[in-house]
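Biologist: Hi, could you walk me through this model? I'd like to ask a few quick things as we go.

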Amino acid sequence: MAPSAGHLRPGRYLAFFALIVVVLYALVFFTGSGKPTPKLGIDLQGGTRVTLTARTPDGGQPTRDSLNQARQIIEQRVNGIGVAGTEVVLDGNNVVITVPGAQGDQAKSLGQTAKLGFRKVITSQPNTPAAPPASGNPAAPPASGTAAPPSGSQAPPPSSGAPSSTPNGGGGAAGAPAQQPPSTTPSAPPASNTPAAGGQAQTPIQQAQAIRQNPDLVSTDQAKAQAAQQAALASLTCAPNVGDPLEGNDLSDKPLVACGDKDATKYVLGPQFLPGTEISSANSNYDQQRGQWVVDLTFNGSGSKTWGDFTSANVGTQAAFVLDTQVVSAPTIQGAILGGNTQITGQFTQADAKNLADVLKYGSLPLSFDSSDATTVSATLGSASLQAGLLAGAIGLIVVFIYCLIYYRLLGILTILSLALSGLLIYAVLVLLGRWIGYTLDLAGIAGLIIAIGITADSFVIYFERLKDEIREGRTFRSAVPRGWARARRTILASDAVSFLAAAILYVIAVGDVQGFAFTLGMSTVLDLVVVYLVTHPLVAMVSTSKSTFLSNPRNLGLGAVQRLASERRSARPAVGRTNVKEA
């Protein structure tokens with residue numbers, strides 16, 4: 001037997017729902033630094049979205065490590081655009097770049113494969129604006145009291161069978177942690193950055209190339225080289241999360257001035273002598289003999305020869321590992337390294353060694369990217385789309401409200417109140433999801449919310465129609481509520497379970513905008529159950545137990561016709577114990 005409405009204690013359910021709402025909105029207004037509004041997709045606020053599909057040279061499935069490394073490299077390039085709110089996320093084998101606003105056209109070319117290369121360190125200096133450049137001695141350390149440049153020893157691994165090319169007595173110097181340094185940007189250009197011939201001003205890329213890739217940097221004229229190096233080092237400011245105008249350009253055949261070691265050091269580098277594509281493997285391992293983490297690096301055939309020739313001619317100097325325009329490590333060569341097997345040692349933690357190995361392994365990405373989709377939406381069109389979506393939702397709500405008021409009257413008002421509270425829940429959840437997991441509401445998501453209005457209203461219709469069934473059977477409104485709820489909730493659970501299952505499957509197998517539709521549809525379906533259980537049913541139970549004649553009047557609840565039908569059926573039934581006998 002279903003429990004009576006009086007035993008439900010609807011006040012407890014409503015209080016619990018109120019607590020949920022208070023907690024959610026306390027998180028919305030008193031946590032996080034963003035505005036208390038949902039995070040909008042570019043189709044609602046304007047911007048550019050580029051979807052890059054990864055592919056490997058052999059056509060196989062890209063590994064998760066390579067995809068993550070590609071995402072990090074592309075994210076550094078995106079930061080160089082200088083627009084707040086940019087995002088780079090993985091979506092299966094796709095890298096999705098989102099740049100809000102009107103400056104996103106550059107994002108369409110960010111899928112170019114990052115290039116790792118090896119360069120000779122000509123000179124270096126600490127990243128201190130007042131500090132003079134280091135001397136021309138390539139191996140000279142920086143002045144005392146400043147941050148040391150990243151260094152490391154490079155020698156063949158001690159394992160048996162590997163060619164040993166380290167001179168006797170050669171030891172390992174301290175190595176720098178393998179962190180990818182932040183991007184770099186030139187400070188105010190010197191007076192030499194005048195407009196180019198023809199009266200046109202130089203672009204930031206042209207200005208940076210004229211200073212940081214000046215051929216005089218490696219001039220045989222020492223005075224000319226030193227002047228160019230001083231000017232280039234003075235023009236470069238290393239700072240976190242700042243883009244480099246040279247990034248993504250072909251820089252291999254020219255010298256380069258770059259930053260490294262977490263902004264601590266500036267480097268003057270020679271032209272690239274070995275591309276990163278010559279690396280066949282790079283792994284982090286724990287050296288039991290030294291008691292420290294090391295990185296084992298192996299070159300292929302042609303790379304082994306080039307590396308061996310360079311190390312033989314440059315013992316005691318630094319070789320920089322450069323990813324695009326960033327020095328990720330600059331170890332000191334301890335001896336000629338022949339055979340292609342190199343070991344980088346230093347004060348590495350396990351994470352440092354793995355990071356460096358990943359950069360060396362994936363820096364020159366074994367992935368190519370095809371731009372499978374590129375969408376640009378103006379801010380005006382995005383605003384118009386948002387207004388259209390909100391208008392469609394408002395029209396849908398108004399139609400539902402009118403239907404419920406005409407057909408269910410007072411119960412329709414409860415339906416409107418339940419929908420309004422459901423909207424409060426959905427809004428808070430969307431704001432928090434935007435902050436916590438970066439969820440963005442797009443047009444497809446709004447479509448899912450609009451459809452969810454129908455799903456939520458359908459739950460109320462199921463409940464109210466079950467109440468009518470009970471009243472048709474002759475029960476009063478008060479006794480019909482618990483019995484009708486017991487029958488309706490099974491149908492509501494089954495209906496919402498099917499909707500949620502469909503949304504979940506769609507979310508898993510779909511990509512892009514369709515996922516946004518499926519996400520909001522599934523989320524709204526779950527919140528529909530919360531509202532029906534904690535708000536709608538308790539409110540109906542409160543009305544059924546009310547002593548108010550207005551609230552208990554079936555006509556005011558849209559149940560008058562059903563109750564009249566039930567009365568007519570009862571009056572048409574013969575009384576118990578009586579039979580109609582026709583006299584002969």
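Biologist: Which exposed residues sit on the face of helix 1 turned away from its buried side?
Modeller: Those are R12, V22 and F30. Bear in mind that this is a predicted model.

Biologist: And which residues of helix 1 are buried?
Modeller: P10, F17, V21, L24, Y25 and V28. Looking down the axis of helix 1, these buried residues fall within an arc of 90°, so they line one face of the helix.

Biologist: Why would residues spaced like that point the same way?
Modeller: An α-helix has 3.6 residues a turn, so residues three or four places apart point the same way.

Biologist: What length should helix 1 span?
Modeller: Helix 1 covers residues 10-30, and at 1.5 Å a residue its 21 residues should span 30 Å. The end C-alpha atoms are 30 Å apart, which agrees.

Biologist: Let's try helix 5. Which of its residues are buried?
Modeller: In helix 5 the buried ones are A225, A228, Q229, A232, L233 and S235. They cover an arc of only 160° around the axis, which puts them on the same side of helix 5. A223 and A234 are exposed on the other side.

Biologist: How far apart are the end C-alpha atoms of helix 5?
Modeller: They are 20 Å apart. That agrees with the 20 Å that the 14 residues, 222-235, should span at 1.5 Å a residue.

Biologist: You mentioned Q229. What separates its C-alpha atom from that of I211?
Modeller: A distance of 8.9 Å, with the two residues 18 apart along the chain. I211 is found in helix 4, residues 204-212.

Biologist: Is I211 buried or exposed?
Modeller: I211 counts as buried, because its relative accessibility is 10% and the cut-off for buried is under 20%.

Biologist: Switching to pockets. How much volume does the largest pocket have?
Modeller: About 1300 Å³. The lining has 41 residues, and E87, T98, G438, Y439 and T440 lie nearest the centre. Several elements give two or more residues to that lining, including strand 1, strand 2, strand 3, helix 9 and helix 12.

Biologist: How does the lining of the largest pocket divide by residue type?
Modeller: There are 15 nonpolar, 16 polar and ten charged residues.

Biologist: And what about the second largest pocket, how much space lies in it?
Modeller: About 630 Å³. Helix 8, helix 9 and helix 10 are the elements that give two or more residues to the lining of the second largest pocket. That lining has 24 residues, with L390, G423, I426, L430 and L449 nearest the centre. By type, they divide into 18 nonpolar, six polar and no charged.

Biologist: Back to strand 1, since you listed it for the largest pocket. How many of its nine residues are buried?
Modeller: Seven, so strand 1 is mostly covered. Strand 1 runs antiparallel to strand 3, and seven bridges join them. Within that pair, T51 stands opposite V96 in strand 3.

Biologist: One last pair: how many bridges are there between strand 10 and strand 11?
Modeller: Eight, in the antiparallel sense, pairing residues 279-287 with residues 292-299. S284 stands opposite V295 in strand 11.

Biologist: And which residue takes a positive phi in the hairpin of strand 10 and strand 11?
Modeller: That would be G291, with a phi near 70°. The hairpin has four residues between the strands.

Definitions and conventions. Residues are numbered from 1 along each chain as its sequence is written. This is a predicted model: local features need pLDDT of at least 70, side-chain atom pairs count only at pLDDT 80 or more; totals for chains, interfaces and linings use all residues. Side-chain values use heavy atoms; hydrogens and water are left out. On a 1 Å grid over the protein atoms alone, a cavity is a set of points where a 1.4 Å probe fits but cannot get out, and a pocket is an open set with protein on both sides within 12 Å along at least five of seven lines; lining residues have an atom within 4 Å of a point. Grid points are joined across faces, edges and corners, and a volume is the space filled by probe spheres set on the points. Ala, Val, Leu, Ile, Met, Phe, Trp, Tyr, Cys and Pro count as nonpolar, Asp, Glu, Lys and Arg as charged, and the others, Gly among them, as polar. Buried means under 20% relative accessible area, exposed over 50%, partly exposed in between (1.4 Å probe, protein chains only). Two strands pair if DSSP finds at least two bridges between them. The expected span of a helix is 1.5 Å times one less than its number of residues. The arc is that of the directions from the helix axis to the C-beta atoms.
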